[in-house]
Amino acid sequence: MATTRNPFDYGGPVSGASFTGRRDEVAAVVHRLRDHIGVVVTAPRRYGKSSLVKQACAELERQTPRPAVVSVNLLQCGSLSEMSGALLRRLYRVPGGPWTRLKQTLPGFLRRIRIQPSTTFDNQGRPVFTFAPGLGPEDASRVVDDVYQTMHEIGAKRPSVLFFDEFQAIRELHPQLARRLKALADEYGNVSLVLAGSKAHLMESLVLSKGAPLYNMLERLALGPIPVEDWVPFLLRQARSAGKPFAEQDVALEVWNQAQPVPFDIQQLAYESFNQATDTITQAALAQAIDGLIRHEAADYAKTFEKLSAGQRRVLKALAAGPPASVGSAEFATAVELADSTSVRKALKALGELELVVRRADTFAVDDPFFAAWLRGGGF
Ligand SMILES: Nc1ncnc2c1ncn2[C@@H]1O[C@H](COP(=O)(O)OP(=O)(O)OP(=O)(O)O)[C@@H](O)[C@H]1O
Ligand SMILES: [Mg+2]
């Protein structure tokens, strides 16, 4: 029997059939990009920042004139040499760039770049640009300048999008680049600079707070969870189209309920439930999926848990049990056997820095729903 492809996707950014909801946000980004306006997308990790930009760019691609999109993920760039090489590679692949009209495309392209990379070719014959390790910040800034200027030129006739994903990583890679980008955005108005990032305090200091290098330059889009009204029809449709429907709508609702609010977790649980099911996705398949996910991670959960102080463990377990009335109250401190609310606050801060606990809807919660289930089940 042919195996059906699992229709749920929790790898990297999703778009098209794997994307649900966020209609207003996508439309807002598409409009901004058409109008050469910059955008900064912020959200906690795995909320769908990269997916939103991907989906907006995909929609823009279907319009005329076709946009030019250059995107780099800064977390995937270990050095400025890598970042600069990636920028040039993506720029060169922009369809209809001014160099494509020249007889000698590659030299025509390279003439625009003051710091020359070495060029090799991949197995499809496409150029790959590399800079020797150790490219310094000034040279990297020149590469960014040249890319930006070229995109400005392209942007005279069509949308031109320069997307830095995981922008918070610029802090370590090139501390002055945010300032440089501000100057470029001031000078070259035909480019939409798009930034996305998850570490709230780093994004604040780079883009959002007064005195930040890119303050007030970009339109801010802060993503919240995707509502259940968008999830349930999506889950039902995906499962049905792959030939293994949910046994009842309530099972899809329960997938959402067990994994929400992070989109990554919802798609992951749907993926595992689909795998566990035979003909239809039943409550039993869902229960097996949760069990499987917890068992798979149990060793890591135990290791993480063991490293915490006794007080931190008690706070974590209390949060896993359900939203507390008020973590700042004396009752909560007593319940978790800590001296006072100052000790609770300290424990929460440490758990937050470890990304185990997040702030959600004015309270605190264990970030990973399967870790929370493991804690409730007393797996330690
Ligand atoms: N609109 C969406 N519809 C359906 N699933 C989504 C959506 N947005 C995100 N997801 C799910 O969440 C996962 C993570 O999405 P994405 O990589 O876009 O998040 P992110 O916020 O950029 O994460 P990170 O903080 O790791 O960069 C996707 O692989 C997908 O499973
Ligand atoms: Mg991302």
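This report describes the domains, a ligand shell, a helix pair and one residue of a predicted model.

Residues are numbered from 1 along each chain as its sequence is written, and chains are lettered from A and ligands numbered from 1 in the order in which they are written. Because the model is predicted, local features need pLDDT of at least 70 and side-chain atom pairs count only at pLDDT 80 or more, while totals for chains, interfaces and linings use all residues.

**Domains**

The protein is divided into domain 1 (22-222) and domain 2 (230-376); such bounds come from an automatic or database domain assignment. Their C-alpha centres lie 35 Å apart. Four residues of domain 1 are in contact with four residues of domain 2, where contact means that two C-beta atoms, placed from the backbone, lie within 7 Å. On the domain 1 side, the touching residues are two nonpolar, one polar and one charged. Here Ala, Val, Leu, Ile, Met, Phe, Trp, Tyr, Cys and Pro count as nonpolar, Asp, Glu, Lys and Arg as charged, and the others, Gly among them, as polar.

**Ligand 1**

The shell around ligand 1 has 23 residues, and the closest are Gly48, Ser50, Ser51, Pro263 and Gln267. A residue is near a molecule if its C-beta atom, placed from the backbone, lies within 6 Å of it. Both domain 1 and domain 2 give residues to this shell, so ligand 1 lies between them. Helix 2 (49-61) and helix 11 (263-276) each supply at least two of the shell residues. Helices are DSSP runs of H or I with at least four residues, numbered from the N terminus.

The table gives the shell by class.

| Class | Residues in the shell around ligand 1 |
|---|---|
| Nonpolar | nine residues |
| Polar | nine residues |
| Charged | five residues |

**Helices 11 and 12**

Helix 11 packs against helix 12 (residues 283-307) at an angle of about 120 degrees, with the axes 8 Å apart. Axes are lines fitted to C-alpha atoms over the stretch in contact, and angles run from 0 to 180 degrees between N-to-C directions. Helix 11 contributes Leu269, Glu272, Ser273 and Gln276 to the contact, and among the helix 12 residues are Ala285, Leu286 and Gln288. By class, this contact has six nonpolar, four polar and one charged residues.

**Arg376**

Arg376 is in helix 16 (residues 369-376). Arg376 is partly exposed because 13 other C-beta atoms lie within 10 Å; 20 or more would make a residue buried, and 12 or fewer exposed. Leaving out residues up to four places away in sequence, Arg376 touches Ala320 and Ala321. Arg376 and Ala320 are 56 residues apart in sequence, with their C-alpha atoms 6.3 Å apart in space.
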